[in-house]
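Work through the exercises below with the sequence and the model side by side. Each task is followed by a solution that proceeds step by step.

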Amino acid sequence: MIVTVTANPSLDRLVALGAPLRRGAVHRAVGAAADPGGKGVNVSRVVHAAGEGTVAVLPADQGDPLLAGLSHLGVPAIPVPVGHEVRSNITVTEPDGTTTKLNAPGAPLTPETVRALEEAIAAAADGAAWLALCGSLPPGLPDDWYARLAARLGDRAGGGPRIAVDTSGAALAASAVRGVALLKPNAEELAELVGLGPRAGAELESRAAAGDLAPARAAAEDLHRSTGGTVLATLGAAGALLVTDDGAWAASPPPITVRSTVGAGDSSLAGYLIAHARGATPPQRLSLAVAYGAAAAALPGTRAPRPQELAVADVRVTDL
């Protein structure tokens, strides 16, 4: 069982344009959709579509459009009442795949709601293989909330799930600690975690795209050494890096036409967790992660890629 936590879920509204976005202009969309979203929700959607067991734990009231969307997809969820509607995030896509996101901050959670959410997470995580803590934190939750959950619920001598964390900013920095089994930063987040500076992430990604993986590999290995956990670093069109106790690998994605990058990193994390649950080797986990990320980027909006849409055979994995 793969349990996901989305502390700041959203209803993701997609607007697809037939021409480049022009600031201040009036545009007529060529398509629109609304999907249940938030990083953990996206992971659960992909895992469910792959036929693996999952449940999404999140703060939302019964009857919320997000829960209706999950129910329609058949994705199991454990909602914790909050007394307000889940936020909406807006994504605008252009014909060349350029994606513009407008994310609402989300409403604060009361102390009572936080306690109820933590109890629901603990109950769902009992006996689970993975607990994935995903996405931004709503106003009011401390930056180290994920780290506290990891310390309380993570795999120890008495049992417990492996903890995966996919977030950003201060919450990610606070989560880069011993006891977290898997961190999934993108290039910008990886550079930030190892202190390379605000512009280094773009350079890591561009150099990787040009075939020079050394800087990104060095940063991922530094992070692995400091935390002891596996590092799955996504590098956009260049693919991804995986660093574990057993070695380091890089994978390049199959050729695709990018339609929307929203949720691609979430799909990569889901692919890794699916492969791990099936007993795959580290290179096989990386291969499936990259195949899922590429498949998601080739789809509109935040639609969860299905197994038949993957091009695993076209992913090239290199032992570093």
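**Exercise 1. Determine how much space lies in the largest cavity of this predicted model, and which residues line that cavity closest to its centre.**

Solution. The largest cavity holds about 80 Å³ of space. Its lining is made up of 13 residues, and those closest to the centre are Asn8, Pro9, His84, Val86 and Ala107. Sorting the lining by class gives eight nonpolar, three polar and two charged residues. A search of the whole structure, with 30 Å³ or more as the requirement, finds three cavities.

**Exercise 2. Describe the second largest cavity, and say which element supplies the largest share of its lining.**

Solution. Start from the volume: about 60 Å³ of space lies in the second largest cavity. Next, list the lining, which consists of Asn42, Arg45, Val46, Val262, Gly263, Ser267, Ala296, Gly301, Thr302, Arg303 and Ala304. By class these are four nonpolar, five polar and two charged residues. Finally, assign the lining to elements: H1 contributes three residues, the largest share.

**Exercise 3. Characterise the largest pocket by its volume, its lining and the elements that supply that lining.**

Solution. The volume of the largest pocket is about 1,200 Å³. A total of 49 residues line the pocket, and Asn186, Thr261, Gly263, Ala264 and Gly265 are the ones nearest its centre. Divided by class, the lining has 17 nonpolar, 22 polar and ten charged residues. Turning to the elements, at least two lining residues come from each of S2, helix H1 (39-49), S6, S7, helix H6 (187-193), helix H7 (200-209), H9 and H10. The largest share, five residues, belongs to H10.

**Exercise 4. Analyse how helices H9 and H10 cross, and which residues meet where they do.**

Solution. Consider the geometry first: the axes of H9 (residues 264-277) and H10 come within 7 Å of one another and cross at roughly 145°, and the crossing is right-handed. On the H9 side, the residues in contact are Ala264, Ser267, Ser268, Gly271, Tyr272, Ile274, Ala275 and His276. On the H10 side, they meet Gln284, Arg285, Leu288, Ala289, Tyr292, Gly293, Ala296 and Ala297. The contact comprises nine nonpolar, six polar and one charged residues. Ala264 of H9, found in this contact, is also among the residues nearest the centre of the largest pocket, while Ser267 and Ala296, which belong to the contact as well, help to line the second largest cavity.

**Exercise 5. Trace the ten-stranded sheet: give its strand order, its edges and the helices that pack on it.**

Solution. The ten strands follow the order S5-S4-S1-S8-S9-S10-S11-S12-S13-S14 in an open sheet with mixed pairing. Its edge strands, each pairing on one side only, are S5 (77-80) and S14 (316-319). Within the sheet, S12 (residues 240-244) and S13 (residues 247-252) run antiparallel and are joined by five bridges; leucine 241 stands opposite alanine 250 in S13. Helix H10 (residues 282-297) packs on this sheet, where it touches S11 (230-234), S12, S13 and S14, and its direction makes about 30° with that of S13. Helix H4 (residues 145-153) lies across S1 (2-6), S8 (130-134) and S9 (162-166), and runs at about 170° to S8.

**Exercise 6. Trace the four-stranded sheet in the same manner, and explain why its edge strands each have a side without a neighbour.**

Solution. The order is S3-S2-S6-S7, again in an open sheet with mixed pairing. Strands S3 (29-37) and S7 (99-103) occupy the edges, and because each has a single partner strand, one side of each is left without a neighbour in the sheet. From one strand to the next, the twist averages 15°. Inside the sheet, S2 (residues 10-17) runs parallel to S6 (residues 87-93), to which seven bridges join it, and valine 15 has valine 92 in S6 as its bridge partner. Helix H2 (residues 65-73) packs on the sheet by touching S2 and S3, its direction making about 90° with that of S3.

**Exercise 7. Locate alanine 122 and identify what it touches beyond residues up to four places away in sequence.**

Solution. Alanine 122 lies in helix H3 (residues 111-125). With residues up to four places away in sequence set aside, it touches Arg152 and Leu153. Alanine 122 and arginine 152 are 30 residues apart in sequence, yet their C-alpha atoms are 8.8 Å apart in space.

Methods:
Residues are numbered from 1 along each chain as its sequence is written. This is a predicted model: local features need pLDDT of at least 70, side-chain atom pairs count only at pLDDT 80 or more; totals for chains, interfaces and linings use all residues. Side-chain values use heavy atoms; hydrogens and water are left out. Two strands pair if DSSP finds at least two bridges between them. Contact means heavy atoms within 4.5 Å. Axes are lines fitted to C-alpha atoms, for helices over the stretch in contact, and angles run from 0 to 180 degrees between N-to-C directions. A crossing is left-handed if the near helix is turned anticlockwise from the far one by less than a right angle, and right-handed if clockwise. Ala, Val, Leu, Ile, Met, Phe, Trp, Tyr, Cys and Pro count as nonpolar, Asp, Glu, Lys and Arg as charged, and the others, Gly among them, as polar. On a 1 Å grid over the protein atoms alone, a cavity is a set of points where a 1.4 Å probe fits but cannot get out, and a pocket is an open set with protein on both sides within 12 Å along at least five of seven lines; lining residues have an atom within 4 Å of a point. Grid points are joined across faces, edges and corners, and a volume is the space filled by probe spheres set on the points.
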